[in-house]
Amino acid sequence: MPRHSSQLHSAYLLHRYDWSETSLILDLFTREQGRVVVAAKGAKRPYSQLRSVLLPFQRLNVNYGVRRARGEASSDTEVQPLRTAEWAGGPAMLGGAALMTGFYLNELLMKLLARHDPFPVLFDAYAQTLPALALGEDLRVEAALRAFELVLLREIGLLPTLDIVTLTQQPLPPAALLALRPESGIVAVAPGEPGIDAPRWRALQRSLDGKDLADIQRACLPALSELKPMLRQLLHYHLGSSALRTRQLMMELQNLEP
C-alpha cells in the first residue's frame, strides 16, 4: 500500500520563490535533513492557512514528502510536496536592521550547504543566533554574527584549528600576533599588520570545542574588529567570486546614512 512519513521536522524558511500564481517553492533548513526544497501548493491563495505560517526566522514544524509504495526508493534531489506547516513558537519576527542580518545568515546557509546534508549543531546555533540579532545592541549583534560564522565554517569543515599554526601544526608562539588566512590558515603576521594574540585564539578554540554558543559569542567580543575582515575573507574565498547580495545591500544602506 502507498505510504508516506508523518514525521514532523523542525525547520526555518530560508527563501521562497514564486512557482505559479497560487504556489511557492520553499528552501527550508531542517534540523533532521538539512536543506530541503519543497513545493507549497496553493500557499499564495488568500484563504490558505500557510500564508501566515511560511515566514522567515520563525521556527516551524513541517511535514513533506510523496506517497510511495513500500520499499520504493526516493530521490534526495527532487522537489517534495509540503504537506503541513505549523508555527512552532518562538520570538517575534525580526525587523529593522536585524531583518537584514537575518537574511545574511540565510544567504550563507543557502550558498554553503548542500541539500539533504544534516547539520543539527548548526541548526541549533542558527536558532539561538536569531534572538541575539533582535536585541539591536551593536556589540552583541556583531559577536553573534562572528560566532555563527565560526560555527558554520567549523561544521562544514572549512575552519582550521585555531590554537595551532596551520602549516607547521605547532603551538601558537606566545608573543606573536596571528591571523586567519584563506589559503594558509592560522599564520603569524608581519610587524604592523593586524592580528590577534595567541591567548585569544586559544580562547576561541576552547569555546568552539565546548560547543556552547554563548561562550563562543563571549570569546569573540575582545577581537571583533580583527575577526570580521578575516572571516569575511575566508567566507568569500570558499564562496568563490559571487558576492553576497545582503552584504552589498547593507553596505549601500550604510553609504546612504547622513
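How many residues does helix 6 have, and how far does helix 6 reach from its first C-alpha to its last? Select residues 224–239 to find out. Helix 6 has 16 residues and reaches 22 Å, close to the 22 Å expected at 1.5 Å a residue. Keep in mind that this is a predicted model.

**The whole chain**

Zoom out before going further. The protein chain has seven helices and twelve strands. Of its 258 residues, 45% count as buried. Take the contacts with a separation of 6 or more: residues 24 or more positions apart account for 60% of them.

Now colour by pLDDT. The chain averages 87, and 86% of the residues score at least 70. Which element has the lowest mean pLDDT, and which the highest? Strand 1 (residues 2–3) has the lowest, at 34, and helix 5 has the highest, at 98. Select residues 1–5: the pLDDT is below 50 there, and this stretch has 16 contacts in the model beyond near neighbours in sequence. Then select residues 68–75. Here too the pLDDT is below 50, with twelve contacts beyond near neighbours in sequence.

**Back to helix 6**

Show the side chains of Leu224, Leu227, Met230, Leu231, Leu234, Leu235 and Leu239. These residues of helix 6 are buried. Turn the view until you look down the helix axis. The buried residues fall within an arc of 165°, so they line one face of helix 6. The general pattern helps here: an α-helix has 3.6 residues a turn, so residues three or four places apart point the same way.

What do the buried residues of helix 6 pack against? Select helix 1 (97–112), helix 3 (138–155), helix 4 (198–210) and helix 5 (213–220), which are among the partners. Add strand 10 (177–181) and strand 12 (196–197), also on the list. Step just past the end of helix 6 and click Gly240, which takes a positive phi of about 85°.

**One residue: Met230**

Center on Met230 in helix 6. Is Met230 buried or exposed? Its relative accessibility is 6%, so Met230 counts as buried. Leave aside the neighbours within four places in sequence. Met230 is then in contact with Leu178, Ala179, Leu180, Pro194, Gly195, Ile196 and Trp201. Pick Pro182 next. Met230 and Pro182 are 48 residues apart in sequence, yet 8.2 Å apart in space, C-alpha to C-alpha.

**Strands 10 and 11**

Leu178, one of the contacts of Met230, leads to a strand pair. Select strand 10 together with strand 11 (residues 185–188). The two run antiparallel, joined by four bridges. Leu178 stands opposite Ala188 in strand 11. Follow the backbone from strand 10 to strand 11: a hairpin of three residues makes the link.

**Helix 3**

Move to helix 3, one of the elements that the buried residues of helix 6 pack against. Put a distance on its end C-alpha atoms. They are 26 Å apart, which agrees with the 26 Å that its 18 residues should span at 1.5 Å a residue. Its buried residues include Val141, Leu145, Phe148 and Leu152. Arg146 and Glu149 are buried as well.

Just after helix 3, click Gly157. Its phi is positive, about 80°.

**Salt bridges**

How many salt bridges does the structure hold? There are eight. Side chains of opposite charge can pair when their charged atoms come close.

Begin with Arg154 and Glu155. Their side chains meet in a salt bridge, N to O at 3.0 Å. Both are partly exposed: Arg154 has a relative accessible area of 22%, and Glu155 has 23%. Next, select Glu142, Arg146 and Glu149, which salt bridges with shared partners join into one network.

Go on to Arg31 and Asp124. Their closest N and O atoms are 2.7 Å apart, in another salt bridge. This pair links distant parts of the chain, 93 residues apart. Asp124 sits in helix 2 (residues 120–134), while Arg31 is in the loop between strand 3 (24–30) and strand 4 (34–40). Asp124 is partly exposed, with a relative accessible area of 24%. Arg31 is partly exposed too, at 31%.

Last stop: Arg35 and Asp27. Their side chains meet in a salt bridge of 2.7 Å, N to O. Are Arg35 and Asp27 buried or exposed? Both are buried.

Definitions and conventions: Residues are numbered from 1 along each chain as its sequence is written. Side-chain values use heavy atoms; hydrogens and water are left out. A salt bridge is a side-chain nitrogen of Lys or Arg within 4 Å of a carboxyl oxygen of Asp or Glu. Buried means under 20% relative accessible area, exposed over 50%, partly exposed in between (1.4 Å probe, protein chains only). The expected span of a helix is 1.5 Å times one less than its number of residues. The arc is that of the directions from the helix axis to the C-beta atoms. Contact means heavy atoms within 4.5 Å. pLDDT is the predictor's confidence in each residue, from 0 to 100. Two strands pair if DSSP finds at least two bridges between them.
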